[in-house]
Amino acid sequence: MSQITPKLTYQVNLPKSLEIEEDYYSPIFGTNNMFWRIFILLEDDDYYGLYLQPVANQDEIIWGERSKLTFNLFAKEIRNDNQIIELYSKSFAIPPGTPIDNDPGYRYAIRKSSLENGELIIGANFDNIEYNQSKTYYPEPIPKDLIDAWKEHLFNFQSADVEFDVQGEKFYACSSILSKRSEYFEKMLSGHWFESTLNNSTCQIKHRIQISTYSPITISAMLEYFYTNQIQWTNEDNSIAIELFRLADQYVLLDLRERAKTRILDELTISNVSEIMFNLVPNYNDLKKPVLNFMAINFEEVYRSQEFKEISANLEDYENFNITLLEIYTEFLRIRTLYKIFFKF
């Protein structure tokens, strides 16, 4: 049995429509088990672009089930006389085979000359929200801290008040979500630590956090994890598991750290294990045993690899190289000896 729900609406209010100086991304929101956010792009001097972005889980590469939804993107302005003026309204129906990174919208959605610096409202209406009740579905357990965070957000709505500046790229989040999902950020945003800068302007942003040690894609993946408990492990086919592991260790995100660790071990290859062993493992002892075992089992191939040769040619960059190599070789000999004992007959 299926049921079609009434229209669902999500909107964000931004003060002073003519004073938006940089691209804006809304907090992530959900319909069913799908997550989204709305964003404004400063396309040129005359227009704001308005778009809806699917926040994909790690398995989504096309729109697929999302295409069962039809939605309408809209923009309005509240003028000084409290009159609400419609600026843009357009409906979309996306084919299921559309790549998931295709963000529907329009680059000329809002003409700046039509604005009066009032309160800007951007949002989306969703139709055809279908719930299928014909079979039992057992989803993965949702972490309690994520449930608590969304409950608090539901009954005490808070728009994005934290800005991350990551190597010049900006991301936005709600302090209530960050604080529930991370003790590190709870302390930071409560003022017990001083990594964030409190902003006392009339803008809704209260905390601005500058990060230079991690890439924008890694911080983006962390924020999506906070909001959805899903992790985007790759960026254009390149794994970011190692950088997420380092970040999770620094920010004491134990679940993310463990999942990143598992991902690193799953992704071990002849070509990447040497760099992981000699560069990453010395700082994280819990990685040592499985990585060393992989190298020992595959020692002859690893030893002949170009990556190992490059490390050997730059020993000044790898402290304790000889000691680590001796450990690997000792384990290799032990495994080979056991192999001969078990298979000599």
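1. Start with how the chain folds back on itself. Taking contacts in the protein chain between residues at least 6 apart in sequence, 64% of them join residues at least 24 apart. Keep in mind that this is a predicted model, so the confidence scores under point 2 belong with everything else here.

2. On confidence, the protein chain has an average pLDDT of 82, and 83% of the residues score at least 70. Two stretches deserve some caution when you look at the picture. Residues 1-6 stay under 50, and the model gives them 17 contacts beyond four places in sequence. Residues 130-139 are also below 50, with 16 contacts in the model beyond near neighbours in sequence.

3. For the overall make-up, I count on the DSSP tally: 11 helices and 17 strands in the protein chain. Of its 345 residues, 43% count as buried. The chain exposes about 19500 Å², and carbon and sulfur atoms supply 49% of that area.

4. Now the inside. The largest nonpolar core has 59 residues, and F164, F185, I219 and M222 are the ones with the most contacts inside it. Helix α4 (residues 216-228) gives this core its largest share, 7 residues. The core also crosses a domain assignment: at least three of its residues come from domain 2 (139-265), and at least three from domain 3 (268-344). Apart from it there is another core, of 31 residues, including I20, F71, L87 and Y88.

5. F164 is worth clicking on. What does F164 touch once its neighbours within four places in sequence are left aside? Its contacts include F185, I219 and M222. The rest of the list is E169, K170, F171, A173, L178, I209, I211 and L223.

6. Next, helix α5 (residues 241-250), whose buried residues are A241, L244, F245, L247 and A248. Why do these residues line one face of the helix? Looking down the axis of α5, the buried residues fall within an arc of 165 degrees, so they line one face. The cover over them includes α4, β17 (238-239) and α6 (254-266). Helix α4 thus turns up in two places: it supplies the largest share of the 59-residue core, and it is part of what covers the buried residues of α5.

7. One backbone detail to finish. After α5 comes V252, and its phi is positive, near 55 degrees. If you are browsing this region, V252 follows α5, while α6 (254-266) is among the elements covering the buried residues of that helix.

Terms used. Residues numbered from 1 in each chain as written. Predicted model: local features only at pLDDT ≥ 70, side-chain atom pairs only at ≥ 80, totals over all residues. Heavy atoms only, no water. Core = buried A, V, L, I, M, F, W, Y, C linked by side-chain atoms within 4.5 Å. Buried < 20%, exposed > 50% of the residue type's maximum accessible area, 1.4 Å probe, protein only. Helix = DSSP H or I, 4+ residues; strand = E, 2+ residues; numbered from the N terminus. Domains from an automatic or database assignment. Contact = heavy atoms within 4.5 Å. Areas by Shrake-Rupley, 256 points an atom, 1.4 Å probe, with all protein chains shown as cover. Arc of directions from axis to C-beta. pLDDT = per-residue confidence, 0-100.
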